[in-house]
Amino acid sequence: MAKKLSEFPSVPLCHQPTPLEFMPRMSESLGGPRLWIKRDDCTGLATGGNKTRKLEFLIADAIEKGADMLVTQGAVQSNHVRQTAAAACKFGLDCHALLERRVPGREDDYETTGNVLFDQMFGTSLEFRPAGLDMNAEALAVTEKLAAAGRKPYFIPGGGSNEIGALGYVSCAYELLDQIKANDLDVGWIVLATGSTGTHAGMLAGLHAAGSTIPVMGISVRQPEDKQIAAVHKLAVLTASQLTDTPIGVEKVIVDDGYVGAGYGQPAQGTLDAINLIARREGLLFDPVYSGKGLAGMIGLAGQNFFESDKDVIFLHTGGAAALFAYGNQLAENAANG
Ligand SMILES: *Cc1c(COP(=O)(O)O)cnc(C)c1O
């Protein structure tokens, strides 16, 4: 049965609304369209980011189910694990996380600095895993073990991307539509980085439920287009079905996989250049795993005149700056050359 968003339980974690800001110097350097940035890097929890919105709904569900701890998983420099760890502290829950060694050839301090440092500060217990396992299955197995030992663990899938977590991006879509209206914008596209799919799927579900036809461009950070479209569509359908009886068509799911580079967590030269450009044009921090790839996509598409130049384009900044320190040498070298 379709329900209103306000009928789903949530806890307050996120500074909201997050600002919607115009980027005059970035717009100028790309020669139009008018570029705006939705500041979900400013959600307020432990350096911010998009997982905080999802956790408002996931933590409420965990508390409702009587959980005393959260179990989740991510890559070593997972922003999701860091935000989950912080949220657990705020609600007096323990947190256990499995970290996948998904990214080859990293710097020496990759497993101790950035997000990992913050995980440790929040007292999260960490277990490492080699690359290539089904990490949600691994984390579920650990969850079952903890339950058998008398704990009350609540499993949160990687990225918080299920139909509960994705409600956070339904909320963001509603918030953004209000801001678009208040600023009288003529929005051609919303652009975002798409990974574990909850952000993209929730945004699509929210726009769909609100009757908006603004298209969303998802820049893939790891998977080929066909796989990412199928995964986003599956979760968008599930998420939207909680809010409306009208189904959401697969043609609404648009993905560009041209900016992945060598793979997840491996910035391409275009990623590093995009991070440098927006730092110097707007004083903003983007990351090498997600938002920098998404931004490289937006810059690339603008260069191909993909966007109508008299329209507004909104980039959803999903955060990730905490991971910058884990890529320090690579970023410093590029900054020196740029
Ligand atoms: C997780 C993450 C994303 C991708 O969001 P998904 O919901 O996993 O697709 C984008 N940007 C940052 C900084 C992230 O941490």
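Which residues does the domain assignment of the chain give to domain 1 and which to domain 2?

**View 1. The two domains of the predicted model.** The domain assignment places residues 5-48 + 163-337 in domain 1, while domain 2 takes residues 51-160. Domain 1 is thus listed as two segments of the chain, and domain 2 as one. A distance of 23 Å separates the C-alpha centres of domain 1 and domain 2.

**View 2. The interface of domain 1 and domain 2.** On the domain 1 side, 43 residues make contact with domain 2; the partners in domain 2 number 37 residues. About 3,300 Å² of area is buried between domain 1 and domain 2. Carbon and sulfur atoms contribute 60% of this buried area.

**View 3. Polar contacts and salt bridges between the domains.** Between domain 1 and domain 2, 14 residue pairs are in polar contact, with both residues at pLDDT 80 or more. The interface also holds 2 salt bridges. In a close-up of one salt bridge, glutamate 175 is paired with arginine 53. The closest N and O atoms of glutamate 175 and arginine 53 are 2.9 Å apart.

**View 4. The side of domain 1 that touches domain 2.** Three elements each give two or more residues to this side of domain 1: helix 6 (167-182), helix 7 (198-209) and helix 11 (328-337). Helix 6 gives the most, with 6 residues. By residue class, the side of domain 1 that touches domain 2 comprises 21 nonpolar, 18 polar and 4 charged residues.

Note on methods
Residues are numbered from 1 along each chain as its sequence is written. This is a predicted model: local features need pLDDT of at least 70, side-chain atom pairs count only at pLDDT 80 or more; totals for chains, interfaces and linings use all residues. Side-chain values use heavy atoms; hydrogens and water are left out. Domain bounds come from an automatic or database domain assignment. Contact means heavy atoms within 4.5 Å. Buried area is the accessible area (1.4 Å probe) that two parts lose on being put together, summed over both. A salt bridge is a side-chain nitrogen of Lys or Arg within 4 Å of a carboxyl oxygen of Asp or Glu. A polar contact is a pair of N or O atoms within 3.5 Å; within protein, one must be able to donate a hydrogen and the other to accept it, and residues adjacent in sequence count only if both atoms are side-chain atoms. Helices (H or I, at least four residues) and strands (E, at least two) are DSSP runs, numbered from the N terminus. Ala, Val, Leu, Ile, Met, Phe, Trp, Tyr, Cys and Pro count as nonpolar, Asp, Glu, Lys and Arg as charged, and the others, Gly among them, as polar.
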